[in-house]
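Work through the exercises below with the model open beside you. Try each task before reading its solution.

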Amino acid sequence: AKNNLFDITIANAGQWEDGYPLYADVLAEKYGKTPFANTKWVLFCGEKDENEYSSYFVHVCDGMEHTKDVLTTLGGNVDLFIKDPNGEHGSFMLNEKNRDQALDYVETVFGL
């Protein structure tokens with residue numbers, strides 16, 4: 001059943017990894033063909049952030065690009081994708097400009 005608990009999701013860390021069990025279920029259409037239909041997303045990555053623990057995309061922005069592709073293929077709307085050219089790990093929270101850009105977008109969506 002559809003719910004509207006989350007009007008906007010801000011993803012400032014991690015990435016979509018196709019082989020992760022939940023994501024594999026989504027790709028296998030366990031939750032339908034467009035489980036992210038009508039959802040709004042803000043994605044963030046730091047251009048200087050490397051993820052040595054990922055088995056998919058070591059460069060975090062490459063992983064977030066893949067995340068964007070998957071979300072939009074499955075019906076989601078990536079309305080804002082912030083790529084901080086000087087961003088390192090944690091730079092969404094450590095750089096006020098990054099947070100402000102995401103929160104300004106949220107305020108615009110809600111007409112605040």
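## Exercise 1: a salt bridge in a loop

Glu29 has a relative accessible area of 41%, which makes it partly exposed; buried means under 20%, exposed over 50%, and partly exposed in between, with a 1.4 Å probe and protein chains only. This is a predicted model, where local features need pLDDT of at least 70, side-chain atom pairs count only at pLDDT 80 or more, and totals for chains, interfaces and linings use all residues. Residues are numbered from 1 along each chain as its sequence is written, and side-chain values use heavy atoms, leaving out hydrogens and water.

Task: locate Glu29 and find its salt-bridge partner.

Solution.
- Step 1. Glu29 sits in the loop between H1 and E2. Helices (H or I, at least four residues) and strands (E, at least two) are DSSP runs, numbered from the N terminus.
- Step 2. The partner is Lys33, with the closest N and O atoms 3.3 Å apart. A salt bridge is a side-chain nitrogen of Lys or Arg within 4 Å of a carboxyl oxygen of Asp or Glu.
- Step 3. Lys33 is exposed, at a relative accessible area of 61%.

## Exercise 2: backbone signs

Task: check the sign of phi at Glu29, Asn38 and Gly75.

Solution.
- Step 1. Recall the rule: most residues other than glycine have a negative phi, and most peptide bonds are trans.
- Step 2. Glu29 has a positive phi, near 65°.
- Step 3. For Asn38, phi is also positive, near 65°. Asn38 is in the loop between H1 and E2 and is exposed, at 62% relative accessibility.
- Step 4. Gly75 comes just after H2 and has a positive phi of about 100°.

## Exercise 3: bridges between elements

Task: how many salt bridges does the structure hold? Then examine the pairs Asp79 and Lys40, and Glu65 and Lys83.

Solution.
- Step 1. The count is four salt bridges.
- Step 2. Asp79 meets Lys40 at 3.9 Å, N to O. Asp79 belongs to strand E3 and Lys40 to strand E2, so this pair ties together parts 39 residues apart in sequence.
- Step 3. Glu65 meets Lys83 at 2.2 Å, N to O. Glu65 is in helix H2 and Lys83 in strand E3, so this bridge ties together parts 18 residues apart in sequence.
- Step 4. Check exposure. Glu65 is partly exposed at 27%, and Lys83 is partly exposed at 35%.

## Exercise 4: the two sides of H4

Task: test the length of H4, then sort buried from exposed residues.

Solution.
- Step 1. H4 covers residues 96-110, 15 residues in all. At 1.5 Å a residue it should span 21 Å, and its end C-alpha atoms are 21 Å apart, which agrees. The expected span is 1.5 Å times one less than the number of residues.
- Step 2. Asn98, Ala102, Tyr105 and Val106 are buried in H4. They cover an arc of only 100° around the axis, so they lie on the same side of H4. The arc is that of the directions from the helix axis to the C-beta atoms.
- Step 3. Glu96, Lys97 and Thr108 are exposed on the other side of H4.
- Step 4. The cover over the buried residues of H4 includes E1, strand E2 (40-46), strand E3 (77-84) and helix H3 (91-94). Contact means heavy atoms within 4.5 Å.
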